[in-house]
Amino acid sequence: MTTSKNPAQSLHTCHERSFRANRFVYPVLSRRSVGISVGVNLNPDKICNFDCIYCQVDRTRQSESTFVETDRLLSELEAVLRLVVSGELYEAPEFAGTPASLRRLNDIAFSGDGEPTTYRNFDEIIAACAAVKDSLGLGDVKMVLITNASMFHRPSAKRGLEILDAHQGEIWAKLEAGTEAYYQLIDRTPIPFRQILENITAAARVRPLVIQALFMRVHGEPPSPEELDAFCDRLNEITAAGGQLKLVQVYTVARRPAEDFVAPLSDAEVDAIVELVRTRTALPAAVFYGVPQ
Ligand code: SF4
């Protein structure tokens, strides 16, 4: 899933032999993370169970890989992590300009060109990636799952979340509507809104989640005040049911979206949404005017 949840999209290929040949693992300089995020793409076939109107995955071009080759993914992960921690990464032209303060490994992010939790053996791949991280002595490095929360009820996804919990995991779940109608307008999926809300609530009862909320103009119209109120109501329902939300990140679109009737909100409009969330929910909220990089 992307809310720019796709590190691969902004991948700066570097180190010709190792990166350009990579299919699943990519380093990204992330100013927001104040460091390097190593992206893992579990959806090389670019198939997603959502069809978000703002999606930034380029589905007009066929991908080179249509399935995850586990051994290759794990060796790419190990190689990229070694490059980052050794500092060799910054010898590559694409990363040579990385400021000293950002020359650090911040996280491993599971996102990619579709919804990561749809990967059938999600728990196994998360466990294998965690083992690579631990084998390199990187136990403290975060593992971030960027997700639409649609599959949390599946046993393999549930187990995967638990494995993340045991390995500095952080779950960023997207939620950007308050009503079924607006959810359908934005996310275009047969999965009911209720299922997403139930999944987020259940997962947030076990560990605190980060909510990623991307708002935009659709055919020139920003989300209505009623929709934003409903969005806050949904957040309040999650917390009233025992769900823990540690942060609500509010964004707008910055790169070319899937549909040309989608346009960004102004900074002032994004600020107003953040203020509304803070006031209506008392949750911590953070603003990002562009996509998270
Ligand atoms: S969840 Fe939406 S934004 Fe993310 S990859 Fe799927 S279609 Fe794109």
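How far apart are the end C-alpha atoms of helix α7 (residues 225–240), and what span should its 16 residues have? At 1.5 Å a residue the expected span is 22 Å, and the end C-alpha atoms are 22 Å apart, which agrees. This is a predicted model. The points below cover two helix pairs, two residues of strand β8 and the cysteines.

**Helix α7 and its surroundings**

- The buried residues of α7 are E227, L228, A230, F231, C232, R234, L235 and I238.
- An α-helix has 3.6 residues a turn, so residues three or four places apart point the same way.
- The cover over the buried residues of α7 includes α5 (180–187), α6 (193–206), β6 (209–214), β8 and α8 (267–281).
- Just after α7, G242 has a positive phi of about 95°.

**Packing of α7 with α8**

- The axes of α7 and α8 are 10 Å apart, and the two helices pack at an angle of about 45°.
- Because angles from 35 to 65 degrees fall outside the parallel and perpendicular ranges, α7 and α8 count as oblique to each other.
- The crossing of α7 past α8 is right-handed.
- On the α7 side, the residues that meet α8 are L228, D229, F231, C232, D233, L235 and N236.
- On the α8 side, their partners are I273, L276, V277, R280 and T281.

**Strand β8: L245 and Q249**

- L245 lies in strand β8 and is buried, with a relative accessible area of 8%.
- Apart from neighbours within four places in sequence, L245 contacts A204, L209, I211, L235, I238, T239, L283 and P284.
- L245 and T117 are 128 residues apart along the chain, and their C-alpha atoms are separated by 20 Å.
- Q249 also belongs to β8, which covers residues 245–251.
- Q249 is buried, at 4% relative accessible area.
- The residues that Q249 touches, not counting those up to four places away in sequence, are R32, W172, V210, I211, Q212, A213, A286 and F288.
- From Q249 to A285 the separation is 36 residues in sequence and 5.8 Å in space, C-alpha to C-alpha.

**Helix α2**

- Helix α2 (residues 70–86) has 17 residues, which at 1.5 Å a residue should span 24 Å.
- The end C-alpha atoms of α2 are 24 Å apart, in agreement with that expected span.
- L73, L74, E76, L77, V80, L81, L83 and V84 are the buried residues of α2.
- G87, just after α2, takes a positive phi of about 90°.

**Packing of α2 with α3**

- The axes of α2 and helix α3 (residues 122–135) come within 10 Å and cross at roughly 30°.
- Because angles under 35 degrees count as roughly parallel, α2 and α3 are described as roughly parallel to each other.
- The crossing of α2 and α3 is right-handed.
- From α2, the contact involves T70, L73, L74, L77, E78 and L81.
- From α3, the contact involves I125, A128, C129, V132 and K133.

**Cysteines**

- A disulfide is a covalent bond between the sulfur atoms of two cysteines.
- A search of the whole structure finds 0 disulfides.
- C129 is in no disulfide, and the nearest cysteine sulfur, that of C48, is 19 Å away.
- C129 has 0% relative accessibility and so counts as buried.
- C52 is buried as well, because its relative accessible area is 7%, under the 20% cut-off.

Key. Residues numbered from 1 in each chain as written. Predicted model: local features only at pLDDT ≥ 70, side-chain atom pairs only at ≥ 80, totals over all residues. Heavy atoms only, no water. Helix = DSSP H or I, 4+ residues; strand = E, 2+ residues; numbered from the N terminus. Expected span 1.5 Å × (residues − 1). Buried < 20%, exposed > 50% of the residue type's maximum accessible area, 1.4 Å probe, protein only. Disulfide = S-S within 2.5 Å. Axes fitted to C-alpha atoms, helices over the stretch in contact; angles between N-to-C directions. Parallel < 35°, antiparallel > 145°, perpendicular 65-115°, else oblique. Left-handed = near helix turned anticlockwise from the far one by under 90°. Contact = heavy atoms within 4.5 Å.
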